[in-house]
Amino acid sequence: MRIDLHAHSNASDGTDSPAELVGAAVVAGLDVVALTDHDTVAGHAEAADAVHALPDGTRLTVVPGAELSCVVDGISMHLLAYLFDPEEPEFARERELVRTDRFRRGRAVVERCRELGADISWEQVQRIAGAGSVGRPHIASALVEAGVVGTVSDAFTPDWLANGGRADVRKHETDPVAAVRLVRAAGGVPVFAHPGAVKRGRTVPDQVIADLAAAGLAALEVDHTDHDEETRRRLRGLAGDLGLLVTGSSDYHGGRKTVRLGEHTTDPEVYEALLAQATGAKPITR
């Protein structure tokens with residue numbers, strides 16, 4: 001089995017629609033793909049319809065999930081949540097709070113960019129985002145369109161959109177221990193996304209990961225394009241010490257990033273262990 005547990009659609013900051021993501025997963029030869037848009041479940045219904053419409057003989061499982069924005073001691077981090085009950089009120093309320101503040105933050109970041117000389121506009125960013133929730137990758141795309149930077153990745157530097165960069169504006173983000181507990185209370189399974197991605201900014205110390213494990217964290221996303229081999233070895237050792245599972249994922253964003261679906265995958269036994277912990281929702285199958 002080929003299992004990719006981290007992918008985005010245009011319900012957040014990917015470029016593929018949820019249905020297109022399902023089609024791309026089939027073309028990539030995946031057996032399982034997780035739809036983990038930022039702080040939203042808006043793409044789940046379309047993805048489910050696309051799975052059910054697959055032709056006879058085509059098999060794909062979609063794991064409904066989300067990627068949650070968290071912060072601890074001023075350090076941003078992301079938590080993947082799988083198979084939670086999307087109607088559970090406390091968790092739904094927190095996701096809505098984060099999404100609402102994304103709008104305020106997006107406008108403020110655009111204004112910062114303009115003050116720094118970038119000829120971009122809020123209307124341009126909204127056009128790029130379409131129906132999705134505006135995020136920094138949409139602003140990065142606007143900077144590319146304006147010729148300010150060459151690629152989306154080039155926008156995520158201290159000069160522009162990196163955490164703590166000149167154009168960065170903080171948004172509401174959940175305490176990660178509280179987020180782990182919210183996910184578990186909604187019947188979901190929490191996994192720490194790209195915990196060693198130093199190119200994105202500061203990463204949390206191991207003690208924070210230990211605290212998350214004590215609160216109910218299930219796994220670390222170790223095999224990820226932002227982790228070099230030394231980082232992966234260190235994180236595997238830490239996961240073993242803390243009794244956590246290890247996952248691998250592409251963090252696919254369609255055409256917005258160069259990473260391919262299935263570029264990194266999760267072991268089938270780990271996938272089954274994650275499924276065994278979930279009580280809030282079920283995978284979507286053909």
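Which residues are buried in H3? In this predicted model, the buried residues of H3 are Phe91, Glu94, Arg95, Val98, Asp101, Arg102, Arg105, Gly106, Val109, Val110 and Cys113. Helix H3 itself covers residues 89–115, and the elements that cover its buried residues include two strands, S3 and S4, and three helices, H4, H5 and H7. The points below treat H3, then H5, then the pair H8 and H9, and finally His224.

**Helix H3**

- H3 comprises 27 residues, and the distance from its first C-alpha to its last is 40 Å. This span is close to the 39 Å expected at 1.5 Å a residue.
- At the start of the helix, Glu88 places a side-chain oxygen within 3.3 Å of the backbone nitrogen of Glu90.
- Just after the helix, Gly117 adopts a positive phi of about 105 degrees.
- The cover over the buried residues of H3 includes strand S3 (61–72) and strand S4 (75–82). It also includes helix H4 (122–129), helix H5 (136–145) and helix H7 (176–185).

**Helix H5**

- H5 is mostly covered, with eight of its ten residues buried.
- These buried residues are Arg136, Pro137, His138, Ile139, Ala140, Ser141, Ala142 and Leu143.
- The packing partners of the buried residues of H5 are H3, H4 and helix H6 (152–155). H5 is likewise listed among the elements that cover the buried residues of H3.
- Gly147 follows H5 and has a positive phi, near 75 degrees.

**Helices H8 and H9**

- The axes of helix H8 (residues 206–215) and helix H9 (residues 229–242) come within 11 Å and cross at roughly 40 degrees.
- Angles under 35 degrees would count as roughly parallel, and those from 65 to 115 as roughly perpendicular; H8 and H9 are therefore oblique to each other.
- The crossing of H8 and H9 is right-handed. On the H8 side, the contact is made by Asp206, Ile209, Ala210 and Ala213. On the H9 side, Arg234, Leu238 and Leu242 take part.

**His224**

- His224 lies in the loop between strand S6 (219–223) and H9.
- The relative accessible area of His224 is 0%. Because buried means under 20% relative accessible area, His224 is classed as buried.
- With neighbours within four places in sequence left aside, His224 is in contact with His194, Arg200, Arg232, Ser249, Asp251 and His264.

How values were computed:
Residues are numbered from 1 along each chain as its sequence is written. This is a predicted model: local features need pLDDT of at least 70, side-chain atom pairs count only at pLDDT 80 or more; totals for chains, interfaces and linings use all residues. Side-chain values use heavy atoms; hydrogens and water are left out. Helices (H or I, at least four residues) and strands (E, at least two) are DSSP runs, numbered from the N terminus. The expected span of a helix is 1.5 Å times one less than its number of residues. Buried means under 20% relative accessible area, exposed over 50%, partly exposed in between (1.4 Å probe, protein chains only). Contact means heavy atoms within 4.5 Å. A polar contact is a pair of N or O atoms within 3.5 Å; within protein, one must be able to donate a hydrogen and the other to accept it, and residues adjacent in sequence count only if both atoms are side-chain atoms. Axes are lines fitted to C-alpha atoms, for helices over the stretch in contact, and angles run from 0 to 180 degrees between N-to-C directions. Angles under 35 degrees count as roughly parallel, over 145 as roughly antiparallel, 65 to 115 as roughly perpendicular and the rest as oblique. A crossing is left-handed if the near helix is turned anticlockwise from the far one by less than a right angle, and right-handed if clockwise.
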